[in-house]
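I opened this entry to keep track of what I looked up, beginning with the aromatic rings and going on to helices and strands.

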Amino acid sequence: MAERRIAFEAARLGLLGFFGLVVLAPYIWMVAASMKPLDELFRASLSLWPERFHAIENYGRVFAEVPVFHYLWNGLVVCGGILVFQLMFAVPAGYALAKLRFPGREWVFGAVMLGLLVPPHVPALPLYIAFSKAGILNTYAALILPATISVFAIFLFRQFFRALPDELVHAARLDGMSEAGIVWRVVLPNAWPAATAFAIFSVVAHWNDLFWPLIVIEGPARATPALGVLYFRSDEAGDDFAVLMAAAVIMTLPLVLAFLFAQRRFVEGIATTGLK
Amino acid sequence: MSDAALPRAATSRAPVGEALAGLMLTLPAGIAYLVLLLLPTLAAVTLAFTDYELGMPALNWIGLDNFREMLSDRGFAIALRNTVIYVGTVTPLSIGLGLGAALLIEAGTRGRAFFRAVFFLPVVSLTVAMAAAWQYLLHPTIGPLNALLRQVGVTDPPFWLSSSDTVLLSLAAIGVWESLGYNMVLFLAGLSAIPRELYAAAEVDGARSAFDRFRLVTWPLLGPTTLFVVTITLIRSVRVFDTVAVLTQGGPNKASEVLLYTMYREGFTYLRLGYSAAITLVFLAIVLALVWLQTKAMDRKIHYG
Amino acid sequence: MAGIAIDGVVRRFGQVTALKGVSLDVAAGEFVALVGPSGCGKTTLMRIVAGIETLDSGAIHIGGREVTRRRPAERDVAMVFQSYALYPHLTARQNIAVPLAMRRLSGWQRMPLLGRFLPGTRQRQRAIAEDVERAGTALGLGALLDRRPGQLSGGQRQRVALARAIVRQPAAFLMDEPLSNLDAALRVHTRREIVDIHRRAGAATLYVTHDQAEALTMANRVAVMQAGEILQVASPEAIYADPQDLRVATFIGSPRINTLPAEADAAGIVQVAGQQQRLRARPGPLTLALRPEDLSLASGGLPAVAEAVEFLGESVLLHARHEASAEPLVLRLPPEAARPRPGEAVHLAYHPARALLFGADGRRLAATPMEALALV
């Protein structure tokens, strides 16, 4: 029995290790290439370690030619702005749908369910036209606005708030709190798991999004990290894969680092937002 | 105490204060919903029946012409076909591998967090950047993959992203790589919800092999999760855009033209917004059909109420 | 002797030793209840017998065969789980059929669609269906057999779990707190039913519970377990009236047995707070234990102060404080007896033959009643 278990565990780790290596391959080669000089890349050797260490030149060129921190800052502003608005709209609405009785509540909830069915690509065209008419293309507002209303967030918070005991709300009312006060001071602090889960989900989605920024942004002034890599790829880097890989490493790093630090939260966040 | 404060008898008629609060709290979300989601969606539906182009002063009604054009548009047909092939490859593979990874991780105690992180990494990596990494990896001449193939004796390895024969396959491989970890996490959550006692009961009942127990307990109890994962993977892969936009722009020779990329190009490159909106509607119809199928399947079977 | 033989089982979880060399025999046809507080290791022991849990040392025999290292499927046991562990996607009928299908059909024969066409599948499936029907009828499931567990009440699920256990006559039944999820009335009813099933099936039964009433009413023998050890195995009567360990005496019986610190002087006469009792024992410190029904109000005896009275219907409980006892002593009195008011001084008497003495190590001591002597 013991030998069988060891054999099984070895097979399990072997399989996982193999597939893990396949999944990690792009990262490994990306990092390796980012430290090699271009001529070494062109020789297409299979050795991972650079013969001539060229990391400083490659990364130096990226930092010299690409406003890396500017793109990251843009990404931060956009993701942060989106998240703040999403919570501001969704938390009170989720609370009202879960705990308050008001005329038209069923209609509002029906609208939320309907909204869940519509992918963000559908309203994109008319929004583009409207933004272009309003002259706000190429602004943070254009990047942030369409994502501020998340029916998914409303739905998620409603489900979560419904599970909170009514007594909590009633006690707060007896203590003389207003409904808005209850939302931000009683309900939200108790909804922390749902809020972090949604925050992670939202940031991952919008940090990685390319479709919408590609539509409303031109030029580097308001470009998100995703756009930044795209510009760099087509303009400066051309076929200089070494420098391109260095740029890719830099742009991928922030979110990956955040993930590695708060791994459990990320995985749980995606799992709970996915399954509810 | 709570019942005294809010008598149940009042349920049918909400207190005025509560009703007002409910309306006030939903108002901001309601306005945003209306302006940013509902009206634009309806506008997109309307646009689909016009030949609107950016800058035109008024809407010109053309009925179903856009859809008629679609039927004869070779580019659209290719995009639709490619999307189906892409979805048909990515969905089963990323679900199968995701389930396999979840089962392997769950089967032991060692390395759980580590491998979970490894498989999940692509989900949190900037897609555009990783697409660049894949481009290097799959590069016909300087890419490590072909270097490896040449080393093991393949004389002329495929051109991957630069050949119309293999471009869709390469994109699908990247798609699988991207969504495998996401599916794995959902399956892990599903697996952890299966009561341990059922496995013990299965063992006592005589399910000797791991396969027997998988068939008796794991697979049926994972049913709702699997259905959800299938639907969400279908919807996510129908949306394929980033990798195409970054790596191939639909090429070579339209071999990687997909639905959303065609829609993007028609709308934002050629500025034919009416036609683009019509394509969007087709896309929406596909998504709705998938959700409808999921609800159907949910009602029919996997519900163990 | 076929049945269950547990021999010196040790199980450690890290630093904690959950089972410290436990031995217990259940003869064929016998019903043994394993009772103890939660966390005492009784469920772990049962899972080791079933083969779901591993052991560090010791041996398990079932039906006369050594099965210590065998898989659960090879042990010829059936188990009823606390949560019932019914397969939620299968109907009651299919649930009951699982242990038969797993044993009587090959892997290929169990395949959907394909299996039906393999030789022998049909006859075997018909035989299985008949056995399932019989087990279902025995438990009065009849009309419920085609429902899923989710459509059944707790009591009905419990019956399905029992039917799944008895459908294949195993050498041993294992039941892990099968009644704990039922409401009180149903629990009493099902108690009798399980005893009935056991009598008809006649297999060795090991029944884990934390409820002493279940253990005393159902079992032929009761094993009291605490902190990974079995303290005593005996008939329900003996466990109650003749406990060999202070922990057994205090665990069994409700209200709890009364205990008083006492001492036997050099002459062997037992003294409680300086007051001589009509008992002799080996000199040294000891504990005097008395069941509530063995104490009565009298004009002489242990002096105490009445604290509270609880009317229970068929009897009255009087709580009275004695100076040597940390907790009030409890007396069970007939309902018509005179009830002292709180604060009133009373005297408590007992028949010395009913007194239980335990040494400082908790082991039972021999007590000799001194009949003729008048004391105090």
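**Aromatic pairs**

I took the ring pairs first and, with centres within 6.5 Å as the criterion, the count over all chains came to 28 aromatic pairs. The one I followed up is formed by Phe241(B) and Tyr264(B), which are edge-to-face, with 5.4 Å from centre to centre and 70° between the planes. I then looked up where the two partners lie: Phe241(B) is in the loop between helix H11 (223-238) and helix H12 (242-248) of chain B, while Tyr264(B) belongs to helix H13 (residues 259-269) of chain B, so the pair ties together parts that are 23 residues apart in sequence. I note that the model is a predicted one. Are these two residues, Phe241(B) and Tyr264(B), buried or exposed? I find that both Phe241(B) and Tyr264(B) are buried. Following the ring pairs further, I arrived at a cluster that links Tyr128(A) and Phe211(A) with Phe241(B), Tyr261(B), Tyr264(B) and Phe268(B).

**Charges over rings**

I also checked for charged ends over rings, and in chain A the charged end of Arg158(A) sits over the ring of Phe109(A), 3.8 Å from the ring centre. In chain C, I noted that the charged end of Arg291(C) sits over the ring of Tyr240(C), at 4.0 Å from its centre.

**Two helices**

For helix H9 (residues 166-174) of chain A, I listed the buried residues, which are Val169(A), His170(A) and Ala172(A). These cover an arc of only 160° around the axis, which puts them on the same side of H9(A). Just after H9(A), I came upon Gly176(A), which takes a positive phi of about 90°.

I turned next to helix H8 (residues 167-192) of chain B, whose 26 residues should span 38 Å at 1.5 Å a residue, and the end C-alpha atoms are 38 Å apart, which agrees. I nevertheless recorded a kink of about 35° in H8(B), centred on Ser179(B). As for its surroundings, H8(B) is mostly covered, with 21 of its 26 residues buried.

**The sheet in chain C**

Last, I traced an open sheet of seven strands in chain C, with antiparallel pairing and the order E21-E20-E14-E11-E12-E13-E22. Its edge strands are strand E21 (364-365) and strand E22 (368-369) of chain C, each of which pairs on one side only. Within the sheet I looked at strand E11 (residues 258-264) and strand E12 (residues 269-272) of chain C, which run antiparallel and are joined by two bridges. Which residue in E12(C) stands opposite Ala264(C)? I found Val270(C) there.

Technical notes:
Residues numbered from 1 in each chain as written. Chains lettered and ligands numbered in written order. Predicted model: local features only at pLDDT ≥ 70, side-chain atom pairs only at ≥ 80, totals over all residues. Heavy atoms only, no water. Phe/Tyr/Trp six-rings, centres within 6.5 Å; stacked < 30°, edge-to-face > 60°. Helix = DSSP H or I, 4+ residues; strand = E, 2+ residues; numbered from the N terminus. Buried < 20%, exposed > 50% of the residue type's maximum accessible area, 1.4 Å probe, protein only. Lys NZ or Arg CZ within 6 Å of the ring centre and 35° of its normal. Arc of directions from axis to C-beta. Expected span 1.5 Å × (residues − 1). Bend = angle between axes of the 7 residues up to and from the residue. Pairing = 2+ DSSP bridges.
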